[in-house]
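Please open the model in a viewer and keep the sequence panel at hand. The tour proceeds by selection, one group of residues after another.

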Amino acid sequence: MEQGRITGVNGTARPYRHRVHWVLVVAAICLGSQATEAFAAGHRTQNFVIEAPTAALARRIGDAAEQYRHDLAIEWLGKPLPRWSRPCPIVAQVAPHLGAGGATSFVFDTGEVFNWNMTIQGSEERILDSVLPHEITHTIFASHFRQPLPRWADEGACTTVEHPVERARQHRLLIEFLTTGRGIAFPRMFEMREYPPDVLPLYSQGYSLARYLIERGGRHTYVAFVGDGLASNDWASALAKYYAIDGLANLQNVWLDWVRKGCPAPPAAVAGMPPRSLTITGTTRGQSPDSAPITPSYEVATTSGRRSIYALQARRPGDSSSPAESVR
Ligand SMILES: [Zn+2]
């Protein structure tokens, strides 16, 4: 029995918001003992079994989960997922000031995926507009790829379906990380199948890169690119094939340039840009001391007019945006 993929279960005090746990062979997942008393009601849908504090909440979460499962599968894969043979349990802790977060675990075995488990927490609106679509996207990717993805590609893509407030927060964090030496060099990031100790930069950088690639080629191309890279383990070739970018170092450069410019809609072709030295600061031991660090001259991209196509907007009265739910 291999349990090497288990990295713990999200809790309220963890410094990250979302985790997905790949378990290659059946292994015990401890969800903790808190899951019994606080949940007063359950609800069953075609693909989910929800435990939540009230029956109404369980129903709303279940309905939203089914809707996201259908809509997001079409967004990413071009078609809905077939019904799962067994439903995915969702345990939801819902309270107005509860930090938003979630964890999803599942088992890969001989090309199949099963034994879903999802725990989510947060305010109702944040669960419905960010945590749930994020975690549902993990299940769509697991159902499609049937194997673990590089963490940046998984978490990054899942973050692109969160509410704009959450995505803007990731962008602010990215700028902070890039200007304080916490960026991750792309060759290293592409190899990461586990969460690094300094996990937050992986989320924000993965989100930004996923967004960049999706804005260039769309979600279907992103899925095809990831699938190709997984199959060949040759990400450079996959990059060239789907994005006409020559190598990870060049991707890093064009992405950084895009971030510097405030993340504009990318040009139709950025391939062929002359390679430059890596400029993610402080990430590569032995990095040339004269490589130019990123200057903190960014303008944080606003999210006005960039509403999540998935967000259940009606559930965000006033949109106070509580940035207090920031890094934990
Ligand atoms: Zn996640």
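**Stop 1: helix α4**

In this predicted model, begin by selecting the buried residues of α4, which are P164, V165, E166, R167, R169, Q170, H171, L173, L174, I175, F177 and L178. Twelve of the 15 residues of α4 are thus buried, so the helix is largely enclosed by the rest of the structure. What do these buried residues pack against? Display α2 (124–145), α3 (151–159) and α6, since these are the helices against which the buried residues of α4 pack. Next, place a distance between the end C-alpha atoms of α4: they are 21 Å apart, which agrees with the 21 Å that its 15 residues should span at 1.5 Å a residue.

**Stop 2: α4 against α6**

Keep α4 (residues 164–178) in view and add α6 (residues 200–232); their axes come within 9 Å and cross at roughly 115°. The two helices are therefore roughly perpendicular to each other, and their crossing is left-handed. To see the contact itself, select R167, Q170, H171, L173, L174 and F177 on the α4 side, together with L200, P201, Y203, S204, Q205, Y207 and S208 on the α6 side. Coloured by class, this contact of α4 with α6 shows seven nonpolar, five polar and one charged residues.

**Stop 3: along α6 to α7**

Hide α4 and bring in α7 (residues 235–243), which packs with α6 at an angle of about 145°, the axes lying 9 Å apart. This crossing is right-handed. From α6, select L213, R216, G217, T221, A224, F225, D228, G229 and S232; from α7, select W235, S237, A238, K241, Y242 and Y243. Seven nonpolar, five polar and three charged residues make up the contact of α6 with α7.

**Stop 4: helix α1 and its end**

Now select α1 (residues 55–77), a helix of 23 residues. From first C-alpha to last, α1 reaches 32 Å, close to the 33 Å expected at 1.5 Å a residue. Step just past the end of α1 to G78, where the backbone takes a positive phi of about 90°.

**Stop 5: α1 against α2**

With α1 still displayed, restore α2: the axes of the two helices come within 8 Å and cross at roughly 45°. That angle makes α1 oblique to α2, and the crossing is right-handed. On α1, pick out L57, R60, I61, A64, A65, Y68, R69, L72, A73, W76 and L77; on α2, pick out E124, I127, L128, L132, P133, I136, T137, I140 and H144. The contact of α1 with α2 divides by class into 15 nonpolar, two polar and three charged residues.

Is E124 buried or exposed? Centre the view on E124, which lies in helix α2. E124 has 20 C-beta neighbours inside 10 Å and therefore counts as buried. Then draw a line from E124 to R60: the two are 64 residues apart in sequence, yet 9.4 Å apart in space, C-alpha to C-alpha.

**Stop 6: the whole chain**

Finally, return to the full view and colour by secondary structure. The chain has eight helices and six strands, arranged along the sequence as β-β-β-α-β-β-β-α-α-α-α-α-α-α. Of its 328 residues, 43% count as buried. Among contacts between residues at least 6 apart in sequence, 67% join residues at least 24 apart.

Technical notes
Residues numbered from 1 in each chain as written. Predicted model: local features only at pLDDT ≥ 70, side-chain atom pairs only at ≥ 80, totals over all residues. Axes fitted to C-alpha atoms, helices over the stretch in contact; angles between N-to-C directions. Helix = DSSP H or I, 4+ residues; strand = E, 2+ residues; numbered from the N terminus. Parallel < 35°, antiparallel > 145°, perpendicular 65-115°, else oblique. Left-handed = near helix turned anticlockwise from the far one by under 90°. Contact = placed C-beta atoms within 7 Å. Nonpolar A, V, L, I, M, F, W, Y, C, P; charged D, E, K, R; others polar. Expected span 1.5 Å × (residues − 1).
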